[in-house]
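Subject: Structure handover

Hello,

Here is the structure we talked about. Please open it before reading on; my notes follow below.

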Amino acid sequence: MIKLKKILSTALFVCITGMLMVGCSGNTEGTAKKRIVRVSLSQSEAHPEYVGAVEFKNYIEAELGDKYEVQIYPNELLGSQTKAIELTQTGAIDFTIAGTPNLEIFADVYEVFSMPYLFTSEEAYFATMNDTDYMNEIYASTEETGLQVVTWYNVGTRNFYAKEAINTLDDLKGLKIRVQQSPASVKMAQAFGSAASPMSFGEVYTAIQQGVIDGAENNELALTDNKHGEVAKYFTYSKHQMIPDVMIANYKFLNGLSDEEREVFEEAARRSTEVELQNYEETIQEVKRTAKEDMGVTFIEPDISLFKEKVKGVQQEMLDANPNIRDLYDHIQAYNAEYEKEAE
């Protein structure tokens, strides 16, 4: 069964990447004249991002169904997030949903989101991402890469989970922890004293199961949607990052749309975020219950002030190394200050 799945996935991947504009030869008579729009994501059909992608599809097809058919490929069917971004860059697929650490390899302004403890509150995080006028300027600044972000998705806070309990910083020392494929995430893990192991998200379950790594870092959904709670029984709320996922478009495709079509695609993206945000909030409590009661996962609340202190130097190091993140960093700090003042 596993071998058959791999064969089918490979065949699908070759078909998708080889037929850029017209789709696989299996298209029916009714869809052959439509432009196939392909959306890739690494998450499963149960994930809030997939629900958001379905809203994206439904709105476009409701408004422009005579011209476009949107096809969604979850579960890394078209490759890892980095590979899917590469395919979006070339135009082999049109949109992909990925974390900004994977995007920063292509557009280094997004590196800022990998900073540990960049946001001092969830309120500052949401205010930044919902500052549409400012963020649209960031999204539009990457023309030379062939990519353009069209919207964002909330994926909560990133936290450590492992085979062994992480109650303090000392418990992290020497552990092999999977991090996203981002230089900043590697530096963060090293500052915590762990051994950073960048790898594709789809490889994490097997890597933990086989002892290649001791754990990973992500939000609670990884425990249930990706079954990581079967192999990692301790989840520690270090809350070291709030990193958005984003929907990335092929720049040429997006800017080749008519004004009317562009408006529809942008509204579809906005609606997909609205749906994802609501679904995420509704899902997360149930996920925690399932992980705790059905999978036996223990949730740990450490003293995160000690974690924050340990990675203080990483922020300054990143600012010194990449001037392109300074403006966005300062913009975020203004929101941090605003919400810290309100909390006083």
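A residue counts as buried under 20% relative accessible area, as exposed over 50%, and as partly exposed in between. Keep those cut-offs in mind for the salt bridges. Note too that this is a predicted model.

**Salt bridges**

Side chains of opposite charge can pair when their charged atoms come close. The structure holds 16 salt bridges. Three of them are described here.

Start with Glu 261 and Lys 67. Their side chains form a salt bridge, 3.4 Å from N to O. This pair ties together distant parts of the chain, 194 residues apart. Glu 261 belongs to helix α11 (residues 259–293). Lys 67 sits in the loop between α2 (48–64) and β2 (68–73). How accessible are the two partners? Lys 67 has a relative accessible area of 37%, so it is partly exposed. Glu 261 is at 9%, and therefore counts as buried.

Next, look further along helix α11. Glu 267 and Arg 270 form a salt bridge there, and their closest N and O atoms are 2.8 Å apart. Why are these two about one helical turn apart? Because they are three residues apart in helix α11. Both are partly exposed: Glu 267 has a relative accessible area of 22%, and Arg 270 has 41%. The pair is also part of a network. Salt bridges with shared partners join Glu 267, Arg 270, Arg 271 and Glu 274.

The third salt bridge is between the side chains of Glu 309 and Lys 312, at 3.5 Å from N to O. Lys 312 has 57% relative accessibility, so it counts as exposed.

**The sheet**

Now turn to the strands. Five of them make an open sheet with mixed pairing, in the order β2-β1-β3-β10-β4. Which strands stand at the edges? They are β2 and β4 (147–153). Each has a single partner strand, so one side of each has no neighbour in the sheet. On average, neighbouring strands are turned by 25 degrees against each other, direction ignored.

At the β2 edge, the partner is β1 (residues 35–41). The two strands pair in the parallel sense over six bridges. Ile 36 stands opposite Glu 69 in β2.

**The helix across the sheet**

Helix α2 lies across β1, β2, β3 (95–99), β4 and β10 (245–250). Its direction is at about 170 degrees to β2. The loop that holds Lys 67 lies between this helix and β2.

Best wishes

Notes:
Residues numbered from 1 in each chain as written. Predicted model: local features only at pLDDT ≥ 70, side-chain atom pairs only at ≥ 80, totals over all residues. Heavy atoms only, no water. Salt bridge = Lys/Arg side-chain N within 4 Å of Asp/Glu carboxyl O. Helix = DSSP H or I, 4+ residues; strand = E, 2+ residues; numbered from the N terminus. Buried < 20%, exposed > 50% of the residue type's maximum accessible area, 1.4 Å probe, protein only. Pairing = 2+ DSSP bridges. Axes fitted to C-alpha atoms, helices over the stretch in contact; angles between N-to-C directions. Contact = heavy atoms within 4.5 Å.
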